[in-house]
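Student: I would like a close look at one part of this model, with the rest brought in only where it helps. Please keep the answer plain.

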Amino acid sequence: MTTIVSFIGAAADYRRRSSPSRYSRLTTTVVSALLWLPRFWKARGELAALAGMSECERRDIGLTAFDIENALTLPVARDPTEVLARIVDDRRHRRES
């Protein structure tokens with residue numbers, strides 16, 4: 001007679017996962033909070049430079065004044081320059097196809 005011993009952890013393919021320590025999570029949070037403000041000001045400065053361009057210059061890079069206004073209404077956590085770059089790429093792809 002054979003006895004089969006099953007381990008709950010082995011049967012469920014349970015692997016113990018190491019969770020990040022509280023210190024590492026706290027450090028990550030603090031670093032991202034400290035770096036957020038410089039990223040925010042850099043993105044807003046780039047947006048101000050785009051807003052300061054003439055309509056002709058903006059048209060050359062594929063943007064309109066309306067795009068800049070919409071980028072100003074984005075939530076603070078989002079980078080408006082990334083959104084504007086995506087808009088320009090979408091327009092270029094539509095124009096090429």
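What percentage of the residues of the chain count as buried? After that, please take me through helix α2 and its surroundings.

Tutor: Of the 97 residues in the chain, 16% count as buried. Keep in mind that this is a predicted model. The chain has five helices and zero strands, so its elements, read from the N terminus, run α-α-α-α-α. About 8,300 Å² of the chain is exposed, and carbon and sulfur atoms supply 60% of that area. Among contacts with a separation of 6 or more, 51% are between residues 24 or more positions apart.

Now to the helix you asked about. Helix α2 covers residues 22-51, and W36 is one of its residues. W36 has a relative accessible area of 34%. Because partly exposed covers the range between under 20% (buried) and over 50% (exposed), W36 is partly exposed. W36 also belongs to a nonpolar surface patch of about 410 Å², which it makes together with L37, W41 and V76.

Further along α2 there is a salt bridge. The side chains of K42 and E46 meet there, with 3.6 Å from N to O. Side chains of opposite charge can pair when their charged atoms come close. K42 and E46 are four residues apart in α2, which is about one turn of the helix. The two ends of this pair can be set against the cut-offs given above. K42 has a relative accessible area of 56%, so K42 is exposed. E46 has a relative accessibility of 33%, so E46 counts as partly exposed.

E46 has a second role in the picture, since E46 is also among the α2 residues that meet helix α5. On the α2 side the residues are A43, E46, L47 and L50; on the α5 side they are P80, T81 and L84. Helix α5 spans residues 80-96. The axes of α2 and α5 come within 8 Å and cross at roughly 50 degrees. Angles under 35 degrees count as roughly parallel, and roughly perpendicular begins at 65. The crossing falls between these cut-offs, and therefore α2 and α5 are oblique to each other.

Helix α5 leads to another salt bridge. R91 in α5 pairs with D67 in helix α4, which covers residues 65-72. Their side chains meet at 2.6 Å, N to O, and the pair links distant parts of the chain, 24 residues apart. D67 counts as buried because its relative accessibility is 5%, whereas R91, at 27%, is partly exposed.

A search of the whole structure finds three salt bridges, and one of them is still to be described. R58 forms a salt bridge with E55, the closest N and O atoms being 2.9 Å apart. Both residues lie in helix α3, residues 55-61, and because they are three residues apart they are separated by about one helical turn. R58 is buried, with a relative accessible area of 8%, while E55 is partly exposed at 34%.

To return to α2: this helix holds W36 of the nonpolar patch, carries the K42 and E46 salt bridge, and meets α5 through residues that include E46.

Technical notes
Residues are numbered from 1 along each chain as its sequence is written. This is a predicted model: local features need pLDDT of at least 70, side-chain atom pairs count only at pLDDT 80 or more; totals for chains, interfaces and linings use all residues. Side-chain values use heavy atoms; hydrogens and water are left out. Patches are made of residues with over 30% relative accessible area and no salt bridge: like charges are joined within 9 Å, nonpolar side chains (Val, Leu, Ile, Met, Phe, Trp, Tyr) within 5 Å. Accessible areas come from the Shrake-Rupley method with a 1.4 Å probe; for residues, only the protein chains shown count as cover. A salt bridge is a side-chain nitrogen of Lys or Arg within 4 Å of a carboxyl oxygen of Asp or Glu. Helices (H or I, at least four residues) and strands (E, at least two) are DSSP runs, numbered from the N terminus. Buried means under 20% relative accessible area, exposed over 50%, partly exposed in between (1.4 Å probe, protein chains only). Axes are lines fitted to C-alpha atoms, for helices over the stretch in contact, and angles run from 0 to 180 degrees between N-to-C directions. Angles under 35 degrees count as roughly parallel, over 145 as roughly antiparallel, 65 to 115 as roughly perpendicular and the rest as oblique. Contact means heavy atoms within 4.5 Å.
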